[in-house]
Amino acid sequence: MAKPLKVDEIWLERIAELLDDMEFGSLHIVVHEGQIVQMERTERKRFENSSARISGEAGSRRTDSRSAGRS
C-alpha cells in the first residue's frame with residue numbers, strides 16, 4: 001500500500017520557485033516512498049523566426065535583380 005505523500009511548506013516553496021517565471025515547460029516531481037526526492041524543470045524558450053523572413057525577402061530581391069538583368 002502506498003504511503004501518503006508528505007508535502008510541507010519548504011517543498012511548496014521549492015515547487016513555486018521552480019514554476020516562477022516559466023512560460024513554456026514542465027516540472028517533473030519524483031516521489032519515492034511517499035516523499036519528494038527530486039524535481040526536474042524543463043523550460044522551453046520560443047523565439048520568433050525573424051531571420052527566415054529576412055532571408056526570404058533577400059531571396060526575392062536576388063531573383064528580381066537576376067531576372068531584370070537578363071531582359
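**Exercise 1. The salt bridges**

The structure holds two salt bridges. It is a predicted model, so let us work through it with the coordinates open. Find which residues pair with Glu43 in salt bridges, and how far apart the closest N and O atoms are.

*Solution.*
Step 1. Start with the cut-off: a side-chain nitrogen of Lys or Arg must lie within 4 Å of a carboxyl oxygen of Asp or Glu.
Step 2. Take Arg41 as a partner. Its salt bridge with Glu43 has the closest N and O atoms 2.6 Å apart.
Step 3. Now try Lys45. Here too Glu43 forms a salt bridge, with the closest N and O atoms at 3.6 Å.
Step 4. Put the pairs together: through shared partners, Arg41, Glu43 and Lys45 become one network.
As background, side chains of opposite charge can pair when their charged atoms come close.

**Exercise 2. Buried or exposed?**

Sort the three residues of that network into buried, partly exposed or exposed.

*Solution.*
Step 1. The limits are under 20% relative accessible area for buried and over 50% for exposed, with partly exposed in between.
Step 2. Glu43 has 29% relative accessibility, so it is partly exposed.
Step 3. Arg41, with 33%, is therefore partly exposed as well.
Step 4. Lys45 reaches 58% and so counts as exposed.

**Exercise 3. The overall layout**

Describe the order of helices and strands along the chain, and how the strands pair.

*Solution.*
Step 1. Count the elements: the protein chain has two helices and two strands.
Step 2. Read along the sequence, and the pattern is α-β-β-α.
Step 3. Look at the strands. β1 covers residues 24-32 and β2 covers residues 35-44; they pair in the antiparallel sense over nine bridges.
Step 4. Check one bridge by hand: Gly25 has Glu43 in β2 as its bridge partner. Glu43 is also the residue that forms a salt bridge with Arg41.
Step 5. Add the chain-wide numbers. Of the 71 residues, 7% are buried. The chain exposes about 6,500 Å², with carbon and sulfur atoms supplying 49% of that area. Among contacts with a separation of 6 or more, 30% join residues 24 or more positions apart.

**Exercise 4. Positive phi angles**

Where do Asp21 and Glu33 lie, and what are their phi values?

*Solution.*
Step 1. Asp21 sits in the loop between α1 and β1. Its phi is near 65°, positive in a residue other than glycine.
Step 2. With 65% relative accessibility, Asp21 counts as exposed.
Step 3. Glu33 belongs to the loop between β1 and β2, and the hairpin of these strands has two residues between them. Its phi is about 50°, again positive although Glu33 is not a glycine.
Step 4. Glu33 is exposed because its relative accessibility is 56%.

**Exercise 5. A loop contact and a surface patch**

Find which residues Met22 contacts beyond its neighbours within four places in sequence, then list the residues of the nonpolar surface patch.

*Solution.*
Step 1. Place Met22: this residue is in the loop between α1 and β1.
Step 2. Leaving those neighbours aside, Met22 is in contact with Arg41, Thr42 and Glu43.
Step 3. For Arg41, compare the backbone: the C-alpha atoms of Met22 and Arg41 are 9.4 Å apart, with the two positions 19 residues apart along the chain counted as their separation.
Step 4. Turn to the patch. Leu5, Val7, Leu12, Ile29 and Val31 form it, and together they have about 390 Å² of accessible area.
Step 5. Inspect one member: Val7 lies in the segment before α1 (9-19), and at 36% relative accessibility Val7 is partly exposed.

How values were computed
Residues numbered from 1 in each chain as written. Predicted model: local features only at pLDDT ≥ 70, side-chain atom pairs only at ≥ 80, totals over all residues. Heavy atoms only, no water. Patch = residues over 30% accessible without salt bridge, like charges linked within 9 Å, V, L, I, M, F, W, Y side chains within 5 Å. Areas by Shrake-Rupley, 256 points an atom, 1.4 Å probe, with all protein chains shown as cover. Helix = DSSP H or I, 4+ residues; strand = E, 2+ residues; numbered from the N terminus. Buried < 20%, exposed > 50% of the residue type's maximum accessible area, 1.4 Å probe, protein only. Pairing = 2+ DSSP bridges. Contact = heavy atoms within 4.5 Å.
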